[in-house]
Every structure is written in C-alpha cells, then in structure tokens.
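Here are two short exercises to work through with the model open beside you. Try each task before reading its solution.

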Amino acid sequence: MSLLVVSQLGKDFPPETILNNVNFKLEWRQKLGLVGRNGAGKTTLLRILTGQMEAERGSVNFERGVRFGYLKQEDSVDPNRTVLQEAEIAFAHVMQMETRMREVEIEMGAVHGEELERVMQEYGLLRDRFEAMGGYDNLRDIPGVLKRLGFGPTDIVKLCGKLSGGEKTRLAIARLLLSGPDILFLDEPTNHLDIEATEWLESFLRDFGGAMVLVSHDRYFLDRVVTSVAEVENTKLTAYSGNFSAYWKQKEENRKRQLELYEREQQEIKRLTDFFEKWRNTPSKKNQAVMRMRWADRIKQHGLTQKLSSSATERPDSLGKTAKLNVKAAQLSGNEVVICDSVTKKYGTRTLFEDFTALLRRGDLVGVVGPNGAGKSTLIKILLGRETPTAGMARLGSSVTVGYFAQDTSDLDYEATVIENLMNVADMEPVAARTHLGRFLFSGDDVFRQVKNLSGGEKNKLVLAQLTYLQPNLLILDEPTNHLDMDSRQALGEMLKTYDGTLLLISHDRYLLEQVCTRIVEVADGHAALFDGTYSEMRTAKLAGKFPLSGPVKRPEETNGHGTQPQDSRAAQLETLLGEKPSALPPQVAGMNAYQLSKERRRAKEGATHAERRVEQLEARLSQIEKTLSSPSSTDNVLALSQEHGGVQLALTEAMDSWEKAAEYAEALGG
C-alpha cells in the first residue's frame, strides 16, 4: 500500500522554477533519502508534502487515515513547558490510539453486518500501525528516550525556554518520535546531535516500521538508514535504489558516461566547425560546409552541451558549481605545535577533563570527538588562550599561526557585508577580494549582502574564505560541516587531506573524521585522551575496552631543541614508572640529589594511586556488566554488553599489571 503518492508536482519562485514534474510513491517501511545541493529545493518539497506550502502544479495524496510528523531544520518547542512535559504531550497521541484499540475491540462484539465490517477495518488499521511501529514498548520509557538524545535527569525538568538551540532541536526529535506518526519527514535531524545521539537515532529509524523521507548531508547516517535515494537537481527528482553508497556509485557512473558523451560531442562539433571554416568559401563545397555547420548547431541546441549551459555548468564532471577550497600554510611552524601538560578544567563540582597531557606535532591531523557539552570546545579555547585551565598548562609551539573556525561563526561581523568581513582580516584590494570570494560561490552582488542575512552554510563558507586567505599553519575547525551540503563537505575533506599544516577538527561527521584524521582526541565522561589511529580504529579499541586507558594516554616529550629527549625527562621516567620493572630502572635515578629524589617519590606515589583508581573503576564496571547480564531487561543490548565484558576483563588484567609495577617502583624509591 502506498502511503503517499506525488504526481506532476511543480513549484515556482518567479522568475525561477524550483521543482518541475516531480513524481514518486512512498510505501510502508520505505526510508527515502532526499539529497541535493543547498538551494536545490529539498526543504521546499518537504514543506509542500507537509502542507506548509502550496505547489503551483500537481498533487500530493496521502492514504486515508495516514498521520505524519515533520521535523524542520529549526523546530520550535513551548518555552513554558519542561522538557519532560513537552515529551509527554507528544506521546499522548499514542496513548489515545491504544485506548481507541481497546474501545474498538469492545465494539466488535456488539455490532453486526456492515457496521462490523467498518469497525474491523478500523481495528485492522490501528493494529497494523502498532505492529509496524514496533517501538511503543520502548517509547513508554520517555525519560529513557530523552536520555538517549542527551537529556539527563536534571535536564528533563528544565523549562524549554532555557534550552540552547541544539537542545531544542534534540527535544523536537524526541517529541516527534514519541508522537507515533506513520510517516516521518526529517529535515537535517543530525545537525545538532553528537555521535552517540546520532547512532541511537540511526538505530531507531532503522527499526521504525512506518515510512520516512529524510533530508541529510551526513553520508554515514544516510548509508545506515535509507533504503532508497531521490536526488533533487535542476528542478527534477531522480530516484535511485539502495542506500547512499549505492546511489553514489550510480551517480558516479552517470557522471562518467556524461563526461564521455560531452567529450564526444565537443570533438564532433569541432570536426564539423573545422570543415565549415575550411570550405565555406569554396563553391563546390559550400553547401556541404553549411550543412555541417547546421548539424553542429543542432548538437549544441539538443545535446548535452545545451543542457549543461542551461544549468550554468561548464562540464558534467562538476554538475553545478562547487566551492574551490584550498589552503596552504604560509610558513612552517616548529615541530612541536600544541603542548598540553596535565590540563584540567572544572566548573564548580563538575570536571570536564582532568590531567590531559598530549603533544601534537607539525603535520598532525587530529579529530576531536565526544558528546555535546563534554568540553571539546572548551579544550580548544584553552589552547587559544580564551579560557583558563583549572590546573595544568597548555601552549602553542614556536612560529605557530592559528586559523580558528568557531562553531557559531561568532567571529564574523554580522552587520558588515561579506566583502567587508574578508577585507577586515585580509590586506587586499576589492577586486582581489571578490575573486577570492568567487571561489566560495559568492558572486555578483552576493559580496555586498550583510552577514546577518546569510544562510548557515554561507556563513560557514565565508569563514573558510577568511581562513584560506590567511594561510595559517595550525587550523582549528569547530563543527565546520554544519549547514554545508554534501559537495561542499566533500570539497572540505579534500582540502583538509592535502593541508600541509597541523589540524584540530571538532566534528560529529564520521565520514569526514575517517576521511581526514589520523589521530583522535576523545573528550567524554570527565576525561580527555589521545588515540593514535583513525576514528574507526578508535571505536574498535573502545569496544574492546582498550581505550581510553588509565590516565593520560600521551605525555609531551621535552626536547633539548634538537628533537632528542634529555636523559632526565619526565616523560621517560613516567614511561618507566608504568611500563618497566624496578630492576630496569634508569641509571639516573640512582644519581639523583635529595630534591630530585623527593620529587620523583611524589610522582611515583601519584602514579601508583592513579593506577589503583583505574583498577577500581574497571572492577566496578565489570561488576555492573555481570549484574546486568545475569538479569537483562528488554532494553539491554546483551550482545554489546557481552563484547564489552571481554574488553573490560582484558583491560582489568593490564591495569592490575600496571598497578603492581607502579606500586613496586614507588616502594623501591621509599614512597
């Protein structure tokens, strides 16, 4: 049964046509991904489907009784309700449906004939919806749903009016899911979600028994959720079967075929034109020359060349304009770019991270991940000197020039124009500024628009235009892909992969992290830790219980200015502390004076205490897992817990060994 049928749909914003002759059907359990460039008409199509906007042509027909829910890019909540009240009101519709089912069951025993047939039909529809949804039992735990979307026990009693923009978006998602619609229309639902919440939403939508139309630029999310893809391009909608990867493969194959056809057309046009130019003035060949020129004009008018020129595209391998992102460091930094030594940040009794120690070198491409509110942006601001650590030290190395992309683009002057914002940071003439902005798709009078009137994606591109002109050797980007379409994200990824400076990238875009970063900093649960490897490798290590390890993962190496480590460096001593037996103590310990030995005893004692604390934490987690596995509830993921159990056991064995060695070392020093 088709829940939705769209026929011959068209929408104009004179003098432009945005959508034309759009046709598709939506079936039960179909998860349709809607993709295309910013401004192609995806949100316009959703607004027409949900009755927020009228089309000039065509029709939108829902199956009788079908109920839909619509999540806008910027959805609103009632500022005078608490988070929990807003969620409970949304769930009330599900409770009403369930109550109606019980009423219909009673009615079936009291009616006959045509009335019985009508009642049974209504009951069948209600039952089918409940079976298709398949998630109502889980959704009854409203605080649990809110928790998975980032709302803790203290958050659910907050008034919605006091929520941040991201929190309001997450609440709008929870409210929509709890309302139990037959069709979900979702417009960029992951924009304000961290990776953990995104993965939970992925899981929920995969199991969702109704239908869905999803607008997203998140490749990983689309790949894991959708069963088909529709692309909006040049006013048309083109359907593809399979998930995003299948669509992308088909799209690339189509692009390749178009490019081959385009090249053949150009060769034929050149051949015909050359013949005309050669023989146009020769009487015996003139008619043939004219005929060939007419044929060349016919190809231009009806072939791929004409289609491309009508969409303002020069070649089919770029199917529309793409931002030309490129950044090179103007000068080399020193080898040591970012140095963190025991950095701690607390707000009252809350610890964001503690004793974070790491060294980032020139050329490192580092991703920074973690839940919303965990402290990722705070850590970056400490590095930039915009925040003061509670304890420890963070500094930049020699000859480091910083380019910083703030998540809220707050460094832009919203009252100034686009070109003024660029010239505020760059010593350049207006003509050069306009040329540079053109690479980021600011053309014509676009450069004179005030920043406050730009879209989110346009603001992001303006900041990137500033940074690429400045050519920093340390690039710090805080959620740069929010509001960027897929082609712009792809261009950003290609730019960052070839960047010859050092990168710190805060992002929830798993595809971008995997594409670019070779080291990962995780900020979560009151700690920050550095992992040497890609994002997927870090996730594998976490599932195995091998990351994060106890305490800081990396300590900065103190150098003597020539890239070599002095004999008495703290890093070497602590490496010995946690990794070698007392019999293998470095010889410099025996030669320490009283002051040095006293400091080393204190460090050894702290190391042993820290190792013991790690053992206690792992033992507590192991006990908690075993308790859950002995009596699991319907919401517990037994497979994931079993896998975690093995990883925690291995980590506990390693932690016990480290504790034993640390304690022996401390004892040997008389600590």
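**Exercise 1: a buried acid**

Start from strand 15 (residues 474–478), where you'll find Asp-478. This is a predicted model, so keep that in mind as you go. Work out which side chain of opposite charge is nearest to Asp-478, and what its side chain makes a polar contact with.

*Solution*

- Step 1: look for a charged partner. Lys-381 is the nearest side chain of opposite charge, at 6.6 Å.
- Step 2: compare that with the cut-off. A salt bridge needs the two charged groups within 4 Å, so Asp-478, though buried, has none.
- Step 3: check for polar contacts. The side chain of Asp-478 makes one with the side chain of Ser-377, at 2.7 Å.
- Step 4: fill in the surroundings. Skipping neighbours within four places in sequence, Asp-478 touches Ser-377, Tyr-404, Phe-405, Ala-406, Gln-407 and Ile-506.

**Exercise 2: tracing a sheet**

Find the open sheet with strand order 5-6-7-3-8-9 and say which strands stand at its edges.

*Solution*

- Step 1: read along the order. Six strands make up this sheet, and their pairing is mixed.
- Step 2: go to the ends. Strand 5 (68–71) and strand 9 (236–241) each have a single partner strand, so one side of each lacks a neighbour in the sheet.
- Step 3: follow the twist, which averages 15° from one strand to the next.
- Step 4: zoom in on one pair. Strands 5 and 6 (residues 183–187) run parallel and are joined by four bridges; Leu-71 has Leu-186 in strand 6 as its bridge partner.
- Step 5: add the helix. Helix 1 (residues 42–49) packs on the sheet, its direction making about 150° with that of strand 6.

Methods. Residues numbered from 1 in each chain as written. Predicted model: local features only at pLDDT ≥ 70, side-chain atom pairs only at ≥ 80, totals over all residues. Heavy atoms only, no water. Pairing = 2+ DSSP bridges. Helix = DSSP H or I, 4+ residues; strand = E, 2+ residues; numbered from the N terminus. Axes fitted to C-alpha atoms, helices over the stretch in contact; angles between N-to-C directions. Contact = heavy atoms within 4.5 Å. Buried < 20%, exposed > 50% of the residue type's maximum accessible area, 1.4 Å probe, protein only. Lys, Arg positive; Asp, Glu negative; His and termini not counted. Polar contact = N/O pair within 3.5 Å; in protein donor to acceptor, adjacent residues only side chain to side chain.
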